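Subject: Structure handover

Hello,

Here is the structure for you to pick up. My notes on it follow below the model.

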Amino acid sequence: MTNDTGSSARIHGAGAAAQSPEPEVRSFMGNEAIARGAWEAGVRIGAAYPGTPSTEIMECLGTYPAEDVDAQWATNEKVSLDVAIGASLAGVRAMCAMKHVGLNVASDSLMSQSYIGVNGGLVLVVCDDPGMHSSQNEQDTRLFGQFAMVPVLEPSDAQEAKDFTKLAFSISEQFDTPVIVRSTTRLSHCRSPVVLGERERIRSKGFRDTPSKHVALPGNARVRHPLVLEREQQLRDYMNTSDLIRWEPGSGDIGIITLSTCYTYVREVIPQASVLKLGASYPLAEDVVRRFCDSVKRVLVVEELEPVIEKELRAMDIEVEGKDYFPRVGELSPELLRAGLHKAGIIDEMPRITDFNIDAVARPPVLCAGCSHASTYMALGNIDARVMGDIGCYTLGAIEPLKAMDACVSMGSSIGMAVGMAKAGATDKPVVATIGDSTFIHAGIPPLIDAVYNNADITVLLLDNQTVAMTGGQDHAGTGRTLRGEETHRVDFEQIIRAIGVQWLKTVDSYDIGSLYQTYREAIQYKGVAVVISNRPCVLDPVRIKGTPFHVRAEGCTACQACMNLACPAISWSDELYDGHHKVKIDQATCIGCSMCAQLCPTDCIQLNESGIE
Ligand SMILES: Cc1ncc(C[n+]2csc(CCOP(=O)(O)OP(=O)(O)O)c2C)c(N)n1
């Protein structure tokens with residue numbers, strides 16, 4: 001698995017497999033399988049904005065030949081969907097990929113595109129994160145599918161992830177609808193065998209000049225909406241007869257309706273049950289579901305997060321059980337399923353506790369040694385500002401010992417929140433917004449325009465570490481490189497900010513702590529919108545930085561803890577006692593030689609360890 005704080009897993013691309021005469025079987029992560037499915041389906045355009053657990057889908061699609069597929073990073077999820085919509089209307093198969101919260105950003109386009117329909121197949125892959133391994137909420141994308149009246153396919157393993165993605169393109173074209181393929185962290189990041197196939201040679205259909213279908217005007221949309229309802233019924237009929245639904249008869253009176261990775265847990269925990277495995281959560285294959293429910297005495301729905309299927313069954317007047325026994329929050333697991341079935345009186349034995357006798361090392365989230373965000377939050381703590389944060393590695397500025405962030409909601413919200421907070425006048429502290437480079441491009445520019453337009457008195461700190469560090473170091477429009485690593489135009493932040501009308505703008509090096517403090521103080525004294533850009537690259541990406549480490553001369557250390565305010569993971573207390581006291585020590589392997597701690601040390605006892613001897 002990967003997570004938002006690590007780099008992406010190793011990815012299998014096209015390799016030689018595409019030419020192999022025999023079907024080849026490979027171990028794929030769900031995300032690799034989705035990319036493979038799209039490639040085999042003849043996808044021509046792929047666009048995504050990174051976000052765990054979806055990021056590897058586009059990275060992997062970008063390993064297939066450029067003449068087959070144009071795989072690109074978009075500036076945000078809405079743009080990624082819009083790119084895919086344009087390509088679909090032009091007549092080719094197109095896909096966009098995002099994490100669940102990305103669909104909130106893209107939803108404005110999705111809701112209308114549902115009416116407009118497609119030309120080339122249009123697939124949205126949306127990866128949910130039950131359990132919030134690396135997300136700010138655990139919303140359930142299936143509800144969005146219902147809301148937009150767009151079919152939602154739910155694979156349960158990597159093979160299905162590939163097969164369903166391929167099928168999604170056909171369904172899209174057959175029913176003139178965008179299709180959502182929903183994954184979850186467990187599927188996206190777990191490996192299982194996948195049989196590879198050939199790429200379909202799909203010719204472009206060419207653009208069809210039908211403005212009454214393509215232009216979302218009230219008059220056109222009024223005609224389209226009833227067609228969308230008809231399409232829902234046709235899709236329902238299709239779901240009743242398609243291979244997406246599988247009835248697996250068992251013994252006894254219990255019938256379980258399930259889907260996605262929950263299906264694999266059901267098969268493991270209660271192999272004897274009759275199971276109806278749904279391949280699509282929307283629209284529901286009502287006829288088959290009803291027949292299945294009639295064939296058993298007791299029906300349970302096993303689904304992660306919201307009781308989506310359970311509520312649909314209730315609406316069909318079917319007696320059903322589910323969330324009384326299985327949690328509505330977090331990830332489901334075989335253990336939780338077993339506990340729920342036990343509570344429901346279906347299985348006798350108590351939940352099996354698997355004791356691996358392993359003491360997992362606690363790994364609380366920390367900024368990396370030498371992270372350029374650390375000095376910013378240390379300074380903000382000292383300046384005592386009211387800080388509206390944003391989403392990225394720098395959200396860790398909220399936790400001990402930096403603890404210099406008061407609120408953080410969603411990508412790009414920091415600047416708008418700062419405007420509101422400053423306008424409300426409810427704070428005697430200066431109001432500061434902190435935002436990363438990728439987040440600024442994603443959703444930070446409109447609120448900065450708003451701040452200038454409405455004469456807000458705020459300071460914006462643009463923390464430009466020249467990568468999307470949080471999701472593993474992807475490129476974006478501010479790095480000057482494309483998804484395939486080609487050179488491209490690099491957005492000039494200073495020019496953009498000046499063009500917006502910001503009058504007070506300075507750029508600082510966040511490793512230069514003296515001038516960083518000085519610049520921040522000047523910025524918050526300015527009446528109006530002041531912007532400070534700090535432009536130290538991330539220590540992990542695009543190149544891993546490792547300079548000569550610093551070490552502590554213990555005899556000079558007064559244990560004043562000034563250096564510890566940086567929250568650097570290389571700095572800790574010594575094991576040895578000096579005159580009965582611990583002193584500071586620096587882990588030589590972790591220190592990258594950024595010098596920030598040495599600048600903070602009042603006794604100059606932190607020095608470069610040029611000898612390499614500790
Ligand atoms: C709507 C949405 N899309 C994607 C993500 C995943 N994500 C979390 S932070 C982040 C961007 C971080 O990049 P940047 O702002 O440059 O800050 P850094 O992590 O590099 O410090 C992304 C894409 C998300 N949380 N929400």
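I started with helix α10, residues 260-269, which is mostly covered: of its ten residues, seven are buried. Please keep in mind that this is a predicted model. The buried residues in α10 are S260, T261, C262, Y263, Y265, V266 and V269. Their packing partners include three strands that I list with their bounds, β7 (179-184), β10 (254-259) and β11 (274-278). Strand β13 (298-302) and the helices α7 (185-189) and α13 (334-343) also pack against the buried residues of α10.

On the chain as a whole, there are 19 helices and 22 strands. The radius of gyration is 27 Å, close to the 25 Å that the globule rule gives for 614 residues, so the protein chain is as compact as a globular protein of that length. The C-alpha trace spans about 80 × 60 × 55 Å along its principal axes. Of the 614 residues, 50% are buried. Among contacts with a separation of 6 or more, 75% are between residues 24 or more positions apart.

The chain is divided into domain 1 (17-241), domain 2 (246-343), domain 3 (373-534) and domain 4 (550-608). Domain 3 and domain 4 have their C-alpha centres 29 Å apart. Seven residues from domain 3 and ten residues from domain 4 take part in the contact. On the domain 3 side, helix α14 (residues 373-383) gives the largest share, three residues. That side has six nonpolar residues, one polar residue and no charged residues.

Regards

Methods
Residues are numbered from 1 along each chain as its sequence is written. This is a predicted model: local features need pLDDT of at least 70, side-chain atom pairs count only at pLDDT 80 or more; totals for chains, interfaces and linings use all residues. A residue is buried if 20 or more other C-beta atoms lie within 10 Å of its own, exposed if 12 or fewer, and partly exposed in between; C-beta atoms are placed from the backbone. Helices (H or I, at least four residues) and strands (E, at least two) are DSSP runs, numbered from the N terminus. Two residues are in contact if their C-beta atoms, placed from the backbone, lie within 7 Å. The radius of gyration is taken over C-alpha atoms; the globule rule is 2.2 Å times the number of residues to the power 0.38. Domain bounds come from an automatic or database domain assignment. Ala, Val, Leu, Ile, Met, Phe, Trp, Tyr, Cys and Pro count as nonpolar, Asp, Glu, Lys and Arg as charged, and the others, Gly among them, as polar.
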